[in-house]
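Good morning, and thank you for coming. Please look at the sequence and the structure as I bring them up.

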Amino acid sequence: MNRLQVFSLAWPVTALGPGNRLVLWLAGCGRDCPGCISPEMQPRDAGRPVGVDTLAERILRISLPLAGITVSGGEPFDQAPTLAALLDRLTGARPDWSVIVFTGYLLEALRERADAAGLLARVDILVDGPYLRDIPRNHPLAGSGNQRVHY
């Protein structure tokens with residue numbers, strides 16, 4: 001599969017990581033966390049399919065200086081191998097970029113999934129855990145207090 005189900009792309013964004021960032025929101029998530037901040041991104045057919053090459057070319061044409069890419073959704077790890085391929089293209093051309101990924105899965109569960117290893121290897125900061133609206137956030141990157149930030 002060489003396409004990602006993309007919901008939205010925005011830049012510059014300063015709320016989802018350090019510096020001016022490109023944010024890629026992917027569509028599709030079956031976790032159904034109560035109070036999800038992005039329920040419109042849950043359907044697997046939300047957004048549109050975009051080829052990795054097309055998306056990478058579009059992103060790399062952005063002339064604004066960016067500190068990196070933040071990926072959220074939806075659930076990025078539901079498209080892990082294809083997202084890893086995109087990140088290879090981007091960080092190959094922009095080696096100074098950092099990569100932040102938000103996931104509803106716990107890191108321990110992702111480490112047990114063969115399809116997640118490639119993406120995990122490309123992530124600088126991982127924010128893991130399901131969103132739980134009743135637990136106040138305790139970190140600027142976390143949506144709720146149960147989520148953990150891994151460097």
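Which residues point one way from β4, and which the other way? Gly68, Thr70 and Ser72 point one way, Ile69, Val71 and Gly73 point the other way, and all are buried. Buried means under 20% relative accessible area, exposed means over 50%, and partly exposed lies in between, with a 1.4 Å probe and protein chains only. Strand β4 covers residues 68-73, and 6 of its 6 residues are buried.

Before I continue, a word on the source. This is a predicted model, in which local features need pLDDT of at least 70, side-chain atom pairs count only at pLDDT 80 or more, and totals for chains, interfaces and linings use all residues. Residues are numbered from 1 along each chain as its sequence is written, and side-chain values use heavy atoms, with hydrogens and water left out.

Let me also settle how the elements are named. Helices (H or I, at least four residues) and strands (E, at least two) are DSSP runs, numbered from the N terminus. Two strands pair if DSSP finds at least two bridges between them.

I turn now to the sheet. It is an open sheet of 7 strands in the order β3-β1-β2-β4-β5-β6-β7, and the pairing is mixed. The edge strands are β3 (48-51) and β7 (148-150), each of which pairs on one side only. On average, neighbouring strands of this sheet are turned by 30° against each other, direction ignored. Such angles are taken between axes, which are lines fitted to C-alpha atoms, for helices over the stretch in contact, and they run from 0 to 180 degrees between N-to-C directions.

Let us walk through the pairs. β1 and β3 run antiparallel and are joined by 4 bridges; here valine 6 stands opposite arginine 48 in β3. β1 and β2 also run antiparallel, with 5 bridges, and valine 13 stands opposite arginine 21 in β2. Arginine 21 appears again in the next pair, where its bridge partner in β4 is glycine 68. That pair, β2 (residues 21-26) with β4, is parallel over 6 bridges.

On we go to β5, residues 98-102, which pairs with β4 in the parallel sense over 4 bridges. The bridge partner of valine 71 in β5 is valine 101. β5 in turn runs parallel to β6 (residues 125-128), joined by 3 bridges, and isoleucine 100 has isoleucine 125 as its bridge partner in β6.

What do β4, helix α2 and β5 make together? They make a right-handed β-α-β unit, with α2 spanning residues 80-93. A crossover is right-handed if, with the strands pointing away from the viewer, the path from the first strand over the helix to the second runs clockwise.

Both helices that I discuss lie across strands. Helix α2 lies across β1, β2, β4 and β5, at about 40° to β1. Helix α1 (residues 52-60) lies across β1 (3-13), β2 and β3, and runs at about 80° to β3. Within α1 we find alanine 56, which is buried with a relative accessible area of 0%. Leaving aside residues up to four places away in sequence, alanine 56 touches Leu86, Arg89 and Leu90, where contact means heavy atoms within 4.5 Å.

Next, consider leucine 16, in the loop between β1 and β2. Is leucine 16 buried or partly exposed? Leucine 16 is partly exposed, with a relative accessible area of 22%. Its C-alpha atom is separated by 6.4 Å from that of leucine 141, although the two are 125 residues apart along the chain.

Two backbone details deserve attention. Most residues other than glycine have a negative phi, and most peptide bonds are trans. Aspartate 32 is not a glycine, yet its phi is positive, at about 55°; this residue lies in the loop between β2 and β3. The peptide bond from tryptophan 11 to proline 12 is cis, with omega near -15°, and proline 12 lies in strand β1.

Finally, the ring of tyrosine 105. The charged end of arginine 31 sits over this ring, 4.7 Å from its centre, and arginine 113 lies over its face at 5.0 Å from the ring centre. A charge sits over a ring if NZ of Lys or CZ of Arg is within 6 Å of the ring centre and within 35 degrees of the ring normal. Thank you for your attention.
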